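User: Please take a close look at one part of this complex and describe how that part is built and what it touches. A formal, connected account would be appreciated.

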Amino acid sequence: MKSFTLKNRRLSVISKLLIIVLWILLSRTIDNEVIFPTISSTFHSFTDIVRRPSFIIIISHSLIRTLIGFVISLVLAVIIGILSSISNIIYHLMIPIINFLTSVPTMAIIILALIWLNNEFAPMFVGFIMVFPILYETVLKGILDLDSNIIDMAKVYKVQKMTLIKDVYIPNIFLNLSYIFPSALGINFKMVIAGEALSQPKYAIGTNLQLQKMYLNTSGVFAWIIIILLMSKIFKYVLEGVNHLCIKSKI
Amino acid sequence: MYKIKNINKSYKDLKVLEDISIDFPKNKTICILGSSGCGKTTLLNILLGITNKDSGDIIGFEEDISVVFQEDRLIPWKNIKDNIKFVLKRKMEKEQIESIIDEYFELVNLQEYKYYYPKNISGGMRQKINILRAFLYPSNILIMDEPFKSLDINSKEVLINFFKDLRIIENKTCIIVTHDIDEAIALGHKIVILTDKPTMVKRVIESEGIKDKTELRILIEEELIIKK
């Protein structure tokens with residue numbers, strides 16, 4: 001097991017080195033900063049962006065949009081998921097809505113969001129639309145797939161319904177959600193940035209990406225992509241850490 | 001005395017239980033012995049109210065019942081103490097729950113496991129907690145469905161002794177369903193032998209009065225093997 005993990009780590013380092021080598025080779029072969037910037041120019045753009053006084057404001061606005069959209073999706077997914085598990089009518093009403101949300105192209109949603117909402121809310125709405133179906137289905141699964149043996153045990157011991165909901169159903173819902181939190185939040189973050197790129201709010205990562213593109217500053221675009229990747233990684237590690245502390249050490 | 005009288009149960013055309021009548025004397029252990037798949041669990045589910053009977057009478061089983069299932073049925077995200085608290089909440093005050101759990105864990109020498117999570121203890125230990133939970137639940141009747149089935153011989157012996165110790169502390173009417181002759185001999189004051197489908201009561205042995213366990217074994221084996 002240990003040697004397997006070590007081997008995986010080695011492969012991961014090799015793949016990262018390979019990307020860098022490919023980047024160097026491509027930028028040298030193409031030899032055009034607008035089409036494919038070099039590592040050094042991207043690094044300069046990166047340090048320029050990070051040093052700007054507005055940098056923290058920009059990323060914090062994007063983060064706040066991501067978190068607000070995510071929390072709204074989560075709250076609604078939990079409420080509607082619970083209602084769907086109780087009511088057959090709500091369950092069947094939700095099927096076409098979820099099918100629509102999961103199959104409609106992202107760009108169509110962004111365009112609709114731009115028509116309906118102002119540029120501050122449109123990115124949040126886009127993130128919400130993409131993440132809500134994932135969270136809703138996870139909540140529903142957490143309720144419907146609960147181990148029937150535990151439910152029977154609770155019935156035999158005449159455990160009160162409220163205790164059953166509080167101690168079994170809700171923890172099981174959040175246990176299921178905890179497995180998909182990192183990826184769902186990652187998707188939400190990317191969708192919010194996509195929405196920002198088109199709706200152009202004042203402070204936003206997406207707006208800045210678009211701005212760099214307009215100035216044909218491809219190294220700036222690359223630098224922002226690296227910032228997004230780093231932020232996604234931080235999200236992932238933080239959530240995995242919280243998960244490990246709260247859940248994985250027990251189950 | 002708890003009783004079942006002329007219990008019948010069929011699934012469509014398949015007759016599972018036929019005219020089952022058993023007396024369960026208070027504070028005794030009654031072992032219901034039969035081959036695997038003969039309908040023992042159906043009978044237990046009828047007693048627990050999980051399955052409906054077609055006809056017959058059940059007397060005295062309306063009260064609260066403790067159950068030891070084949071599987072431990074512990075909640076994975078709760079520690080051992082909280083798993084037990086979960087079933088006691090409706091029956092007792094908080095302080096009483098705390099004190100009874102502390103008292104019993106000390107009596108059976110399991111204090112160190114109180115804050116362990118189910119995944120961190122062995123299968124045998126989990127089944128011990130399953131049994132302890134059933135004893136701690138305030139009831140006069142304890143029903144056990146093949147509680148030692150999935151255990152190895154050593155763990156089985158440990159658990160049988162654990163059960164016997166708990167029975168001394170907390171005297172309940174215990175109904176144990178099993179296909180294992182050794183378990184029935186070790187635990188039963190009364191052994192009810194069932195036939196294969198349709199399941200009927202073949203013989204009732206008042207094993208408490210038989211001191212010679214070899215004689216008891218021969219009696220049971222005659223019913224289970226020779227007259228099959």
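Analyst: Over residues 2-221 of chain B, the predicted model is 36% helix and 25% strand, and the end C-alpha atoms of this span are 27 Å apart. These are the residues that UniProt, in an unreviewed entry, lists as "domain: ABC transporter".

The domain assignment divides chain B into two parts: domain 1 comprises 2-63 + 140-226, and domain 2 comprises 74-138. Domain 1 of chain B is thus given as two segments of the sequence, 2-63 and 140-226. Between the C-alpha centres of domain 1 and domain 2 of chain B the distance is 26 Å.

The boundary between these two domains can be described first. It brings 14 residues of domain 1 of chain B into contact with 14 residues of domain 2 of chain B. About 1300 Å² is buried between the two domains of chain B, and carbon and sulfur atoms give 81% of that area. The count of salt bridges between domain 1 and domain 2 of chain B is 0, while 4 residue pairs, both members at pLDDT 80 or more, are in polar contact across this interface. On the side of domain 1 of chain B that touches domain 2, strand β6 (141-145) and helix α5 (153-169) each supply at least two residues. Helix α5(B) makes the largest contribution to that side, with 7 residues. By class, this side of domain 1 of chain B consists of 11 nonpolar and 3 charged residues, with no polar ones.

The second boundary of interest is the one with chain A. Here 26 residues of chain B and 23 residues of chain A take part in the contact. Chain B and chain A bury about 2100 Å² between them, and 65% of this lies on carbon and sulfur atoms. Three residues stand out on the chain B side: R73(B), W77(B) and F86(B) supply 35% of the area that chain B buries against chain A, more than any other three residues.

Charged pairs also occur at this boundary. The count between chain B and chain A is 3 salt bridges, whereas a search of the whole structure finds 22 over all chains. One of the pairs between the chains involves K89(B) and D167(A), whose side chains meet in a salt bridge at 2.7 Å, N to O. K89(B) lies in the loop between α2 and α3 (94-107) of chain B, and D167(A) lies in helix α8 (residues 161-199) of chain A, so this pair joins two chains. Another pair is formed by the side chains of D64(B) and K158(A), with an N to O distance of 2.9 Å. In general, side chains of opposite charge can pair when their charged atoms come close.

Polar contacts accompany these salt bridges: across the interface of chain B and chain A there are 8 residue pairs in polar contact, both residues being at pLDDT 80 or more. The side of chain B that touches chain A draws two or more residues from each of β5 (65-68), α2 (80-88) and α4 (123-136) of chain B. Among the elements, β5(B) gives the largest share of that side, namely 3 residues. The composition of this side of chain B is 14 nonpolar, 2 polar and 10 charged residues.

The partner chain completes the picture. The secondary structure of chain A comes to 10 helices and 0 strands, and its C-alpha trace spans about 75 × 55 × 35 Å along the principal axes. An unreviewed UniProt entry places "domain: ABC transmembrane type-1" at residues 59-239 of chain A. That span of chain A is 87% helix and 0% strand, and its end C-alpha atoms lie 18 Å apart.

The UniProt record, again an unreviewed entry, also lists "transmembrane region" for several stretches of chain A, including residues 56-83 and 164-181. Residues 56-83 of chain A are 100% helix and 0% strand, with end C-alpha atoms 40 Å apart. Residues 164-181 of chain A are likewise 100% helix and 0% strand, and the end C-alpha atoms of this stretch are 24 Å apart.

Key:
Residues are numbered from 1 along each chain as its sequence is written. Chains are lettered from A and ligands numbered from 1 in the order in which they are written. This is a predicted model: local features need pLDDT of at least 70, side-chain atom pairs count only at pLDDT 80 or more; totals for chains, interfaces and linings use all residues. Side-chain values use heavy atoms; hydrogens and water are left out. Domain bounds come from an automatic or database domain assignment. Contact means heavy atoms within 4.5 Å. Buried area is the accessible area (1.4 Å probe) that two parts lose on being put together, summed over both. A salt bridge is a side-chain nitrogen of Lys or Arg within 4 Å of a carboxyl oxygen of Asp or Glu. A polar contact is a pair of N or O atoms within 3.5 Å; within protein, one must be able to donate a hydrogen and the other to accept it, and residues adjacent in sequence count only if both atoms are side-chain atoms. Helices (H or I, at least four residues) and strands (E, at least two) are DSSP runs, numbered from the N terminus. Ala, Val, Leu, Ile, Met, Phe, Trp, Tyr, Cys and Pro count as nonpolar, Asp, Glu, Lys and Arg as charged, and the others, Gly among them, as polar. UniProt positions are given in the numbering used here, feature names are shortened, and annotations may be inferred rather than shown by experiment.
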